[in-house]
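Me: I have a model open and want to learn to read it feature by feature. Can you take me through it?

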Amino acid sequence: MKEYKLNVKTRDGVGRGPARRLRAAGFLPGVIYGVKKAARPISINDAEFRMMMRAKGESAALVEISIDGAEPVLSLIKDFQRNAVSQKVVHVDIYEVDPNVHMTVAIPVRVKGEAVGVLAENGTLEVVHEIMVRCLPKDLPKFIEVDVSDLHVGNTIHIESLPEIPGVSFPPNQNSVVASCTSEKQEEEEAPAATEAEGADAAAAPAAEGAAPAPAAK
């Protein structure tokens, strides 16, 4: 698969003040971290980052990150935050990967075809935005293609029925439904049941157990 390149620099200052000054100078604050590697604060040229993201598009992709001109390390753009008003990127999280170690990554879903349930049965198509996969970096798919052409109202497509991808497996601890086609009648019948279940869950649900901590450096 195609790999993209991005040059970054280490940065000393962390916090709102230094981050604000960095953005004013045309750079984005960010962090890079990996398995057994603490988060390191970095700065990224805003224009270069936007250009790379436009070239990458919505697909999953590996990025060669060169820090201060050193030998590039294979990485993933793990996450980025946007300003709620301007929608400009304000912070970037980069995850360094090991070429020889399996990783679990969210991959975008791409729909192929038009569901017969939508075209001929007045149905509504619902598709998940992404699916978790486990693979070596070299086997990372750009996207997961889901053919919905034969999907009738009342039918669903599960992860288990997707075509096999060499070197890629699907972790079991995720929603197995990838796509479904429903009718307006189904949606109306399911809505009251869902509301009642949510009320019961709110009353009985225990507190969530420890979530994974976010990278410390900002």
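Reply: Start with what a strand is here. Strands are DSSP runs of E, at least two residues long, numbered from the N terminus. Ser-43, for instance, is found in strand S3, residues 37-45. Keep in mind that this is a predicted model.

Me: Is Ser-43 buried or exposed?

Reply: Buried means under 20% relative accessible area. Ser-43 counts as buried because its relative accessibility is 8%.

Me: Which residues is Ser-43 in contact with, leaving aside its neighbours within four places in sequence?

Reply: Val-8, Lys-9, Arg-11, Leu-22, Phe-27 and Leu-28. One of these, Leu-22, takes us to a helix.

Me: How do I read that helix?

Reply: The general idea comes first. An α-helix has 3.6 residues a turn, so residues three or four places apart point the same way. Now the case. In helix H1, residues 16-24, the residues Gly-17, Ala-19 and Leu-22 are buried. Their cover includes S2 and S3. Gly-26 follows H1 and has a positive phi, near 90°.

Me: What should I make of a positive phi?

Reply: Most residues other than glycine have a negative phi. Two residues other than glycine are worth a look here. Lys-36 has a positive phi near 60°. Lys-36 is found in the loop between S2 and S3. Asp-68 has a positive phi near 55°. Asp-68 is found in the loop between strand S4 (62-67) and S5.

Me: How exposed are Lys-36 and Asp-68?

Reply: Lys-36 is exposed, with a relative accessible area of 86%. Asp-68 counts as partly exposed, at 46% relative accessibility.

Me: Now strand pairing. What holds strands together in a sheet?

Reply: Strands of a sheet pair through backbone hydrogen bonds, either parallel or antiparallel. Take strand S6, residues 89-96. S2 and S6 run parallel, joined by five bridges. Within that pairing, Gly-30 has Val-92 in S6 as its bridge partner. S5 and S6 pair in the antiparallel sense, over seven bridges. There, Ser-75 stands opposite Glu-96 in S6.

Me: How many residues lie between S5 and S6 in their hairpin?

Reply: Six. Gln-87 sits in the turn, with a positive phi of about 65°.

Me: Why is S6 called largely enclosed by the rest of the structure?

Reply: Count its buried residues. Eight of the eight residues of S6 are buried, so the strand is largely enclosed by the rest of the structure.

Me: How do I read a sheet with edges?

Reply: Look at the strand order. Three strands form an open sheet in the order S9-S7-S10, with mixed pairing. S9 (130-135) and S10 (144-147) stand at the edges, each with a single partner strand, so one side of each is left without a neighbour in the sheet. The twist averages 40° from one strand to the next.

Me: In which sense do S7 and S9 pair?

Reply: S7, residues 103-112, pairs with S9 in the antiparallel sense over six bridges. Ile-107 stands opposite Ile-131 in S9. Pro-108 stands opposite Glu-130 in S9.

Me: Which side chains of S9 are buried?

Reply: Follow the alternation along S9. Ile-131, Val-133 and Cys-135 point to one face and are buried. Glu-130, Met-132 and Arg-134 point to the other face and are not buried.

Me: Last topic: pockets. What is the volume of the largest pocket?

Reply: About 550 Å³ of space lies in the largest pocket. Twenty residues line this pocket, and the closest to its centre are Lys-56, Glu-58, Ile-77, Ala-106 and Glu-130. H2 (46-56), S5 (73-82), S7 and S9 each supply at least two residues of the lining. By class, the lining divides into eleven nonpolar, four polar and five charged residues.

Me: And the second largest pocket?

Reply: The second largest pocket has a volume of about 260 Å³. Of its 13 lining residues, Asp-46, Arg-50, Arg-82, Lys-88 and Val-89 are the closest to the centre. S2 (27-34), H2 and S5 each give two or more residues to this lining. H2 provides the largest share, four residues. The classes are six nonpolar, two polar and five charged.

Conventions:
Residues are numbered from 1 along each chain as its sequence is written. This is a predicted model: local features need pLDDT of at least 70, side-chain atom pairs count only at pLDDT 80 or more; totals for chains, interfaces and linings use all residues. Side-chain values use heavy atoms; hydrogens and water are left out. Two strands pair if DSSP finds at least two bridges between them. Axes are lines fitted to C-alpha atoms, for helices over the stretch in contact, and angles run from 0 to 180 degrees between N-to-C directions. Buried means under 20% relative accessible area, exposed over 50%, partly exposed in between (1.4 Å probe, protein chains only). On a 1 Å grid over the protein atoms alone, a cavity is a set of points where a 1.4 Å probe fits but cannot get out, and a pocket is an open set with protein on both sides within 12 Å along at least five of seven lines; lining residues have an atom within 4 Å of a point. Grid points are joined across faces, edges and corners, and a volume is the space filled by probe spheres set on the points. Ala, Val, Leu, Ile, Met, Phe, Trp, Tyr, Cys and Pro count as nonpolar, Asp, Glu, Lys and Arg as charged, and the others, Gly among them, as polar. Contact means heavy atoms within 4.5 Å.
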